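Subject: Handing over the structure

Hello,

As promised, I am passing the structure on to you. Please have a look at it before you read my notes underneath.

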Amino acid sequence: MALDKTLLIVDDEKNTRDGLRNALQDHYEVYAAADIAGAFAALETEPADVLITDLRLGGEDGMELMEKAQKLPKPPICIMMTAYGSVDTAVEAMKRGAYDFVTKPVNIDRLELLIQRALRERDTRRENVELRQQVSRRAGLESMIGHSPAMVEVFETIKQVAPSKATVLIQGETGTGKELAAHAIHALSTRAAKKFIAVHCKAFSPQLLESELFGHEKGSFTGALNQKIGSFEVANGGTIFLDEVGNLSYDIQVSLLRVVQERKLRRVGGTKDIDLDVRIIVASNERLWSQDKKNKFREDLYHRLNVVPVRIPSLAERRDDIPVLVTHFMKRLSAAGGLPMRSIGDDAMAVLQTHGWPGNVRQLRNIVERLLILASDDVTEAVTADLLPTDLGAGMAGAKGGDLVISLPLREAREIFERDYLMAQINRFGGNISRTAAFIGMERSALHRKLKSLGVGSSQSFPN
């Protein structure tokens, strides 16, 4: 195995240093130091990917080492070891830059999994930043924002499919950013310097849409006073994006099938075939075709369009991205509107991360814009939960419905709220029980017991 990742172990106990080195050196290049001075001497010689340090280094403080390491040009991922494990210690370590912590005696299997996960997440973040920079640089577009696993999968698919000529079907709820994904595919393709033409199929009547897509000859129908070049011809050499393709009439589906299969079109009323070299990307907010229902959409066309499927997750599926999306929209909208930036209080962010978001990212953007416009004149004042629209507070109990909860005895209603609240917070922290417990003010063991009493712990497992 190639030892392409470097670990630095810092502990004042020789047995611990040697034991960890022996356990990890088969998979990593491992260095060790007994104190802060030795650690920095090692870091100057060989920058580390991961720093694993004890909290107590004789008379020195591992927290201090970690903070100094974070200021390096290429800071390592920091994992804290402590024999004094507590939620308070974990919270303090993470506030000061730690990725996570382990208690002594160290469970090697858990430490190895933690190292692998940390390296994987760091590499993914770097790749996503690179992709977003490419999209922004080459197309002048709003960057695609997100580091959640669901968005990582989208980024990976875009990177793989963009250089090809394959037809792409993008599916996702309204407001998730399907057109942005189409722009990204075009921007990262060999056609990036050519035209990108977007047609929103739902905005046209069937007759007008046919003419919009394929063009028409003069006199081909009443009102056709001049020849019209359709969007497919305009996009020739580049990319055409058909949004809400599920709204196509049967006749237009037939014409589109011919274009997809033969890369030729004939204008409405025309007699001459026109050759096309165009990348086709389509999108829909509904399922276009399935075997278990009567379909308005042609099966043969569906399979021609669904060469590479890309599913854009709803905002409810990527709650971890909400803080970075809020910050992004805050910066963009404040700059565009000449409005002062605002900070979001923890209570307001908790509401934002637990809301259902039926309008997805578009709805979140609108909420942020409203907050900027209606915020007080005091720029130092953080946005608190009471300043949010009242309908956002209904997010956690939405599954049961307000009327049903009100009709229940207090004990049952409280259990429903507690279950929904705790699951929302666990989702907010990516399933990490330690971080969730720290935020809500409970010991980790107490949170585990509470989840078990609510019937959650028995059917789901979460990282510590």
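Here is what I found, taken one sheet at a time. Please keep in mind that this is a predicted model.

Let me begin with the sheet that contains strand 1. It is an open sheet of 5 strands, arranged in the order 2-1-3-6-7, and its pairing is parallel. Which strands stand at the edges? They are strand 2 (29-33) and strand 7 (100-103); each has a single partner strand, so one side of each is left without a neighbour in the sheet. From one strand to the next, the twist averages 20°.

If you would like a place to zoom in, try strand 6, which covers residues 77-82 and pairs with strand 7 in the parallel sense over 4 bridges. Threonine 82 has threonine 103 in strand 7 as its bridge partner. At the other edge you will meet helix 2 (residues 36-45), which lies across strand 1 (6-10) and strand 2. Helix 2 runs at about 165° to strand 1.

Now for the sheet that contains strand 10. This open sheet also has 5 strands with parallel pairing, and the order is 9-10-13-8-14. Its edge strands, strand 9 (196-200) and strand 14 (308-311), each pair on one side only. Neighbouring strands here are turned by 20° against each other on average, direction ignored.

Within this sheet, strand 10 (residues 239-243) pairs with strand 13 (residues 279-284) in the parallel sense, over 4 bridges. There you can find threonine 239 opposite arginine 279 of strand 13.

Enjoy exploring!

Best wishes

Definitions and conventions. Residues numbered from 1 in each chain as written. Predicted model: local features only at pLDDT ≥ 70, side-chain atom pairs only at ≥ 80, totals over all residues. Heavy atoms only, no water. Pairing = 2+ DSSP bridges. Helix = DSSP H or I, 4+ residues; strand = E, 2+ residues; numbered from the N terminus. Axes fitted to C-alpha atoms, helices over the stretch in contact; angles between N-to-C directions. Contact = heavy atoms within 4.5 Å.
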